[in-house]
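Let's take a walk through this protein chain, starting with how far the model can be trusted and then moving on to its fold and surface.

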Amino acid sequence: MSEQYIIQQFVRRVFDRMPDLPYENYEWSKDFLGDLTNHDFYTGICAFSNLITDILDDVIADPQSWGIPCYETQEIFCAAPITPEESKSMKGFFRIGKMLYALATCGNLMNQSLYIDNEAFQKYKITKGNLILDKLQDFGFVIDDYNKKSLEFIIEYPDNYAVLQVIKAYTFISDVKYDEILERMMRAEWHFFSKDKGNDFQFNLEDFCKGLATSDAELAKLVHDLVVENGYATNFRICDLKFEPKHKKDKKRLLYMKRERDNLFCDFRFDDVYKYADELDYVTDEIRDAIIQWFKESGCIKCGRPKCPGPVTLRYNGGEYEKCMMSMGARFVSVSTENSESILRLLKCEIQSRHYMND
């Protein structure tokens with residue numbers, strides 16, 4: 001759907017940064033489990049991720065119903081510097097996360113319910129707070145005995161009470177700024193709850209490819225080939241799978257992938273393709289068309305950054321296509337065997353162009 005308001009553009013970007021769901025056998029730190037078993041916490045993570053996805057869908061469809069300021073969309077969201085309209089839109093959105101955080105902080109979890117100290121809760125002074133509480137009841141929360149004068153009120157989530165413990169777990173995160181916790185909560189990030197790695201948790205390559213193969217075997221093979229056979233990947237992050245160079249001067253993302261509902265999306269950053277445009281003669285039509293379309297949709301946004309290198313121009317087959325260097329990659333929903341070979345061919349060119357080749 002076309003996005004009429006700035007907030008819709010912003011929430012679409014939040015969607016793009018949501019992590020995939022964890023595997024069922026992950027072990028969680030006891031610091032976050034409360035009275036839950038490891039498996040129950042896992043089900044809570046999954047249910048919370050689905051909850052946030054549903055909320056984001058609703059914000060995109062009807063941001064006014066959440067009391068979020070709606071300003072007409074701009075050509076590209078978040079070109080620097082951020083405008084007052086963008087700032088107000090984002091603050092309105094993160095009031096949802098602030099509400100969840102306030103409830104968890106002021107609540108005591110007992111008998112599968114969250115008992116909220118209302119005096120402490122009122123000190124958060126959340127703008128449009130009553131409206132947000134009403135909206136949360138549309139998404140499975142049950143709120144009893146709430147009014148501003150009550151000493152205590154009760155929150156329940158009958159579909160899966162473990163969701164309340166997951167929300168509570170965000171309040172236990174240390175060494176992370178409050179605003180960043182809200183951002184992570186509204187992306188349903190979960191990696192800092194892991195038993196072994198905490199905030200620095202990284203994917204095990206074999207486990208990742210094994211899980212990936214259940215939805216797209218060819219893409220799993222492509223990832224495995226890039227890392228194991230070609231040695232290009234040095235870092236796996238939970239939210240954006242990064243293939244980073246050994247060269248520390250340039251850490252631009254080469255590949256980003258995530259699941260959104262039942263779809264698996266892959267963004268490939270062929271930023272230097274204008275330098276090896278002749279290679280487009282040797283790839284599939286689908287890959288070639290996707291890259292050209294990527295350039296067409298990513299023209300210079302005139303960001304005004306002092307050190308902006310400006311746009312780059314792809315010249316191919318008589319056409320000229322301009323692209324902003326800050327744009328995301330060419331996106332694919334799935335990767336066939338034929339396309340996988342084409343992508344690998346172009347990634348090798350990209351890595352060589354950026355001097356990523358291992359010595």
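pLDDT is the predictor's confidence in each residue, on a scale from 0 to 100. Averaged over the chain it comes to 78, with 69% of the residues at 70 or more. Two stretches are worth flagging. Across residues 77-81 the pLDDT is below 50, and this stretch has 17 contacts (heavy atoms within 4.5 Å) beyond near neighbours in sequence. Residues 231-250 also stay under 50, and there the model has 61 contacts beyond four places in sequence. Where pLDDT is low, the predicted coordinates should not be read in detail.

A bit of bookkeeping: this is a predicted model, so local features need pLDDT of at least 70 and side-chain atom pairs count only at pLDDT 80 or more, while totals for chains, interfaces and linings use all residues. Residues are numbered from 1 along each chain as its sequence is written, and side-chain values use heavy atoms, leaving out hydrogens and water.

Now for the fold. You'll find 12 helices and 9 strands in the chain (DSSP runs, numbered from the N terminus: H or I of at least four residues for helices, E of at least two for strands). Among contacts with a separation of 6 or more, 67% join residues 24 or more positions apart.

What about burial? Of the 359 residues, 53% count as buried, meaning under 20% relative accessible area with a 1.4 Å probe, protein chains only (exposed is over 50%, partly exposed in between). Cys46 is buried at 13%, and Cys349 is buried too, at 17%. The whole structure has 0 disulfides, a disulfide being a pair of cysteine sulfur atoms within 2.5 Å.
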